[in-house]
Amino acid sequence: MDTFVQQLINGLNVGAIYALIALGYTMVYGILRLINFAHGDIYMVGAFAGYGLAYFIAAKLGLAGPSWAGLLIVLVGAMIVAALVGMAVERFAYRPVRKYSRMTTLITAIGVSLLIENLFVARYGGQGRGFPQLLQDDTYRLFGNAAISKSQILIFVVSIALMLLLQWIIYKTKVGTAMRAVSFNLNSAKLMGINTNLIITFTFALGSALAAAAGVLTAQYSPTIDPLMGITTGLKAFVAAVLGGIGNIPGAVLGGLLIGVAETMVVGYGANVGIASTYRDAVAFAILILVLLLRPSGLLGSTVQEKV
Amino acid sequence: MRRTLIALGLTAALVAASGCTSRSTNNCTDPGGVIKVGVYGDLTGQTSSFGQSTRNGSQMAADEINAAGGINGRQVQLILEDDQGEPGKAATVVGKLVNQDQVRALIGEVASSNSIAAAPTAQEAKVPMISPSSTNPKVTQIGDYIFRVCFIDPFQGEVMAKFAANTLKAKRAAILFDSNSDYSKGLIQFFKSSFVDKLSGTVVAEQAYAQRDRDFTGQLTQIRSANPDVIYVPGYYQEVGVIAKQAKQLGIKAPLLGGDGWDSPQLWDLGGEALNGSFISNHYSVDDPSPVIQDFVKRYKAKYNGTAPDALAALAYDAMMVLADAIKRANGTECAALRDAIAQTKDFKGITGVISLNADRNAVKPAVVLELRDKRFVYKETINPDSGPGTTASPAASTSPANTNASPTANSSPAGNTSGGNTSAANKAAPNTMRNANAGNMNKP
């Protein structure tokens, strides 16, 4: 029992990270019908920004070692940096090609992804680097063997807080209303006097900031970052977004948590039914295929009549 | 116009292709002049500290050889290639080194999977390849031009099994291995056969992960529920650092055991203090007080800004020196002559021990067990192979240009090692394999 509870905690933890990243995919898709393949790399950029900031504050502000203030600065700082990078990508890569077909934008996204990855490999090398510890990592025993570590609690608390904040922005603020209007129909929104370019840029900033938070949180939990860390994680978050129903915000969260739990359970109990633990990545993609076959609109997505 | 362009393009392609084929054979006869040696490894990928150490070690050896007047008056030139730690790219860069650069010999790789991928190219072109540190047995089985200067995994796996059973008194072992790596898969197999069949222990859990995984809590949770005495994790440092950290987060107290794949300055950066109390098997200890090793460490630090040489750097240095010694004896680099000269390497006094190559082109050497403590690999004990290298050859048979130092075989009696009792069964090896035994007295906690 304690092993099962532990696996559930582990799975929800991984899932919370996927959910944070999936939100960015789903918001951008909701507004532009674009699958932003560079989003996984923004997650990586966020982690690297956090890494740089952690060393910067250790050197300049004397905040070496674990501290709440340091963690907050690194988290918020990384989110800001990633938001700026996300905005720049939108402005200089996607906006110029937005007027062409969606395929053009999609291929541009793949290009941007490769560009970011390889710029980082060229600059920092492909080897992983250790992320400085920003909080004292204590482990709390729940019952039996089941335990939860401080970094796991942090992931839950921060991701829930950010998701609530996102919900508030989208449903209670003017800019959120504008985002929803743009996602319904970009051209009508423009006619209503909404500055659609600004809203699109804001959406990219928001999604990128969430991805950066995921990057810093992951780096606390498994303390290594490398320029290619966003590829697999980004793909799985994309699967999570599709599973939940791409374009649907609660769906992205649900999808992320489901993928995280599913792959952890494969590691934990797959051997009992003849699935080796190394199939964990395959499981996410098997889920993707099943979803596309059985319920293409995703778990929470609404079926839309395809416009021809 | 368009047709003309296509025709032009085709012609250009043909010219390029024919240009390639005309160069694509490596001539077996020695061209004379500067001796080109190809060094390939992972310089920018996931395990880049492996390649960088190999580069540094071999470069230092080459520089020392050249400063001492070269090999029979000929200078050595190293040509470096980066394979980013990927088997496919390893084969490609070796093809480039062999066909385009026309190297006379190769040094590399570290990771066994990459050596296995690249070796057939070297074998086909009859270019001798010395792997400094690939320990999987399959590497040298690829052909008679493939050598190595390190021990192999049947021994390395056995070393850790013996250490776990005899020194740590472990009965229950769990295994967590890297399913992408021939090195890791080989090691667990040999660990199991030794720990279970010979030392009557049990393996209570066996879990696998994939390279680039970042979350190991699923596997570790299952391992924790099996309640093992030790956990054998023969992976590479990149994943191991994270595994140690997450094991600690889950409250796992059993010590982690590993192999030489852990040896990297990067390991501490990733695992931090979670690594304390783990043990690894390795090729040499930087703390070894023997003058040869300490002198090597000093020269290496002076050359590379104070970085201490890890085992991979020392092995790369030895690989280059063994090669130089063989070229000297073969008096040139004609393929077959050089191959035979390398194969005849006997009692070569290297940094990592006395190197004699056996009929399978592997070195038979002792291993050291090191404890990880406060960002240091602290010497624990030496475990010797059951069958030592041939003892009949005279030690004077080997001469090396750079090994003018005092003999590295600063032996102490096996009893000098306080843990000798545990390893006495293995200590019947040839005396020249006991070089590290004396280190135990200095560094024992």
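**Figure 1. Chain B at a glance, with its 15 helices and 14 strands.** This is a predicted model, so take the views that follow as pictures of a prediction. Of the 445 residues in chain B, 57% count as buried. Looking at contacts in chain B with a separation of 6 or more, 71% come from residues 24 or more positions apart.

**Figure 2. The seven-stranded open sheet of chain B.** Reading across, the strand order is β7-β6-β8-β9-β10-β13-β14 (chain B), and the pairing is mixed. The edges belong to β7 (202-209) and β14 (376-383) of chain B; each has a single partner strand, so one side of each goes without a neighbour in the sheet. On average, neighbouring strands here are turned by 25 degrees against each other, direction ignored. Zoom in on the β7 edge and you'll find β6 (residues 172-178) of chain B running parallel to β7(B), with seven bridges joining the two. One place to look is Arg172(B), which sits opposite Thr202(B) in β7(B).

**Figure 3. Helices α8 and α9 of chain B against the seven-stranded sheet.** Helix α8 (residues 217-226) of chain B packs on the sheet and touches β6, β7 and β8 (230-232) of chain B. The direction of α8 makes about 175 degrees with that of β7(B). Helix α9 (residues 237-249) of chain B lies across β6, β7 and β9 (256-258) of chain B, and α9 runs at about 170 degrees to β9(B). Both α8 and α9 of chain B turn up again in the next view, on the side that touches chain A.

**Figure 4. Where chain B meets chain A.** Here 33 residues of chain B are in contact with 32 residues of chain A. On the chain B side, α2 (48-67), β7, α8, α9 and α10 (266-271) each supply at least two residues. Which element gives the most to that side? That would be α8(B), with seven residues. As for character, the chain B residues that touch chain A divide into six nonpolar, 21 polar and six charged.

**Figure 5. The five-stranded open sheet of chain B.** This one has the order β2-β1-β3-β4-β5 (chain B), with parallel pairing. At the edges are β2 (76-82) and β5 (146-148) of chain B, and each pairs on one side only. From one strand to the next, the twist averages 25 degrees. Within the sheet, β1 (residues 35-41) and β3 (residues 105-107) of chain B pair in the parallel sense over three bridges. If you want a landmark, find Gly38(B): its bridge partner in β3(B) is Leu106(B). Lying across β1, β2, β3 and β4 (129-131) of chain B is helix α12 (residues 311-330) of chain B, which runs at about 165 degrees to β3(B).

**Figure 6. Chain A, with eleven helices and four strands.** The radius of gyration of chain A is 19 Å, close to the 19 Å the globule rule gives for 308 residues, so chain A is as compact as a globular protein of that length. Along the principal axes, the C-alpha atoms of chain A fill a box of roughly 60 × 55 × 40 Å. Of the 308 residues of chain A, 51% count as buried. Residues 24 or more positions apart make up 76% of the chain A contacts that have a separation of 6 or more.

**Figure 7. Two helices of chain A crossing.** Two packed helices are described by the angle between their axes and the distance between the axes. For helix α1 (residues 2-32) and helix α10 (residues 249-269) of chain A, the axes come within 6 Å and cross at roughly 145 degrees. The crossing of α1(A) with α10(A) is right-handed. The residues in this contact divide into 16 nonpolar, ten polar and no charged.

**Figure 8. The hairpin of β2(A) and β3(A).** Strand β2 (residues 139-143) of chain A runs antiparallel to β3(A), and four bridges join the two. In one of the cross-strand pairs, Tyr140(A) has Ile148(A) of β3(A) as its bridge partner. Two residues lie between the strands, and in this hairpin Gly144(A) takes a positive phi near 55 degrees. Are the residues of β3 (residues 146-149) of chain A buried or exposed? Ala146(A) and Ile148(A) point one way from the strand, Ala147(A) and Ser149(A) point the other way, and all are buried.

Notes
Residues are numbered from 1 along each chain as its sequence is written. Chains are lettered from A and ligands numbered from 1 in the order in which they are written. This is a predicted model: local features need pLDDT of at least 70, side-chain atom pairs count only at pLDDT 80 or more; totals for chains, interfaces and linings use all residues. The radius of gyration is taken over C-alpha atoms; the globule rule is 2.2 Å times the number of residues to the power 0.38. A residue is buried if 20 or more other C-beta atoms lie within 10 Å of its own, exposed if 12 or fewer, and partly exposed in between; C-beta atoms are placed from the backbone. Two residues are in contact if their C-beta atoms, placed from the backbone, lie within 7 Å. Two strands pair if DSSP finds at least two bridges between them. Axes are lines fitted to C-alpha atoms, for helices over the stretch in contact, and angles run from 0 to 180 degrees between N-to-C directions. Ala, Val, Leu, Ile, Met, Phe, Trp, Tyr, Cys and Pro count as nonpolar, Asp, Glu, Lys and Arg as charged, and the others, Gly among them, as polar. A crossing is left-handed if the near helix is turned anticlockwise from the far one by less than a right angle, and right-handed if clockwise.
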